[in-house]
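User: I am new to reading protein models and would like guidance. Could you please take me through the main features, one at a time?

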Amino acid sequence: MGREFFIMNKSITQFYVYPDGYADKMPISEFVWVRAQNGDITNKRVDELVKGDFYAERVPSPLPPRGADEILEFMAKWCLGIRYVRDPEFPGTEPIKIQVIDKNNLEICSYPYVNTKTCIRDAIEPIMDNEEL
């Protein structure tokens, strides 16, 4: 119930009706495909899904690896910043997540702070991917 299959890009894509499926287990900044009533496929972030949305995980397209300079240029072009969020119950500890913020200091998305060497790349690249697709 709540599932339908479509053949897209020579593979089978499984769609769900929100809140069924796996969306609640995905990062909130992850993009999914959403099918409109007219059949068009658009992109939405997981945190933008509403009850009844017909959605599927996007089939990733191979994108070229990006260098640090490219990521920093993208952040500068779009006036993006990073906010480190710590657990308020444990001040002084490592951050628990990072938030990508815009020039108005509004959160665009957040990403778990897991790997100190890649956390900024992990948070920014999905935004870059969405711009390229």
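Analyst: The following dialogue goes through this predicted model feature by feature.

User: Let us begin with the overall plan. How many helices and strands does the chain have, and what pattern do they follow along the sequence?

Analyst: A chain is first read as a list of its helices and strands. The chain here has two helices and eight strands. In sequence order, they give the pattern β-β-β-β-β-α-β-β-β-α.

User: What share of the residues in the chain is buried?

Analyst: Of the 133 residues in the chain, 32% are buried. A further view of the fold comes from contacts with a separation of 6 or more: 40% of these join residues 24 or more positions apart.

User: How do strands β3 and β4 run with respect to each other, parallel or antiparallel?

Analyst: To read a pair of strands, one looks at the direction and at the bridges. Strand β3, residues 31-35, and strand β4, residues 41-45, run antiparallel and are joined by five bridges. Within this pair, Trp33 faces Asn43 of β4. The hairpin has five residues between the two strands, and Gly39 there adopts a positive phi near 95 degrees.

User: Which residues that are not glycine have a positive phi?

Analyst: Two cases may be examined here. Cys79 is not a glycine, yet its phi is positive, at about 55 degrees. Cys79 sits in the loop between α1 (68-77) and β6 (81-85). Asn105, also not a glycine, has a positive phi of about 70 degrees, and its place is the loop between β7 (97-101) and β8.

User: Why does Cys79 count as partly exposed?

Analyst: The label follows from the relative accessibility, with partly exposed lying between the limits of 20% and 50%. Cys79 has a value of 41%, and therefore counts as partly exposed. Asn105, at 46%, is likewise partly exposed. By contrast, Cys109 has a relative accessible area of 5% and is therefore buried; Cys119, at 3%, is buried as well.

User: With these cysteines in mind, how many disulfides are found in the whole structure?

Analyst: A disulfide is a covalent bond between the sulfur atoms of two cysteines. The search of the whole structure finds zero disulfides.

User: Where is the cis peptide bond?

Analyst: For a peptide bond, the angle to read is omega. The cis bond joins Tyr18 and Pro19, with omega at about 20 degrees. Pro19 belongs to the loop between β2 (11-17) and β3.

User: Which residues is Glu57 in contact with, leaving aside its neighbours within four places in sequence?

Analyst: Contacts of this kind show what the fold brings together. Glu57 belongs to strand β5, residues 54-57, and is partly exposed at 46% relative accessibility. With those neighbours left aside, Glu57 contacts Thr13, Tyr22 and Trp33. Glu57 and Phe15 are 42 residues apart in sequence, while their C-alpha atoms are 7.8 Å apart in space.

User: What is the volume of the second largest pocket, and which residues are the closest to its centre?

Analyst: A pocket is read by its volume and then by its lining. The second largest pocket has a volume of about 220 Å³. Its lining has 13 residues, of which Phe74, Leu80, Ile108, Ile127 and Glu131 are the closest to the centre. Both β8 (107-112) and α2 (119-132) supply at least two lining residues, and α2 gives the most, with five. By type, the lining of this pocket consists of nine nonpolar, two polar and two charged residues.

Key. Residues numbered from 1 in each chain as written. Predicted model: local features only at pLDDT ≥ 70, side-chain atom pairs only at ≥ 80, totals over all residues. Heavy atoms only, no water. Pairing = 2+ DSSP bridges. Helix = DSSP H or I, 4+ residues; strand = E, 2+ residues; numbered from the N terminus. 1 Å grid on protein atoms, 1.4 Å probe; cavity = no way out; pocket = protein on both sides within 12 Å on 5 of 7 lines; lining within 4 Å. Points joined across faces, edges and corners; volume = space filled by probe spheres on them. Nonpolar A, V, L, I, M, F, W, Y, C, P; charged D, E, K, R; others polar. Disulfide = S-S within 2.5 Å. Buried < 20%, exposed > 50% of the residue type's maximum accessible area, 1.4 Å probe, protein only. Contact = heavy atoms within 4.5 Å.
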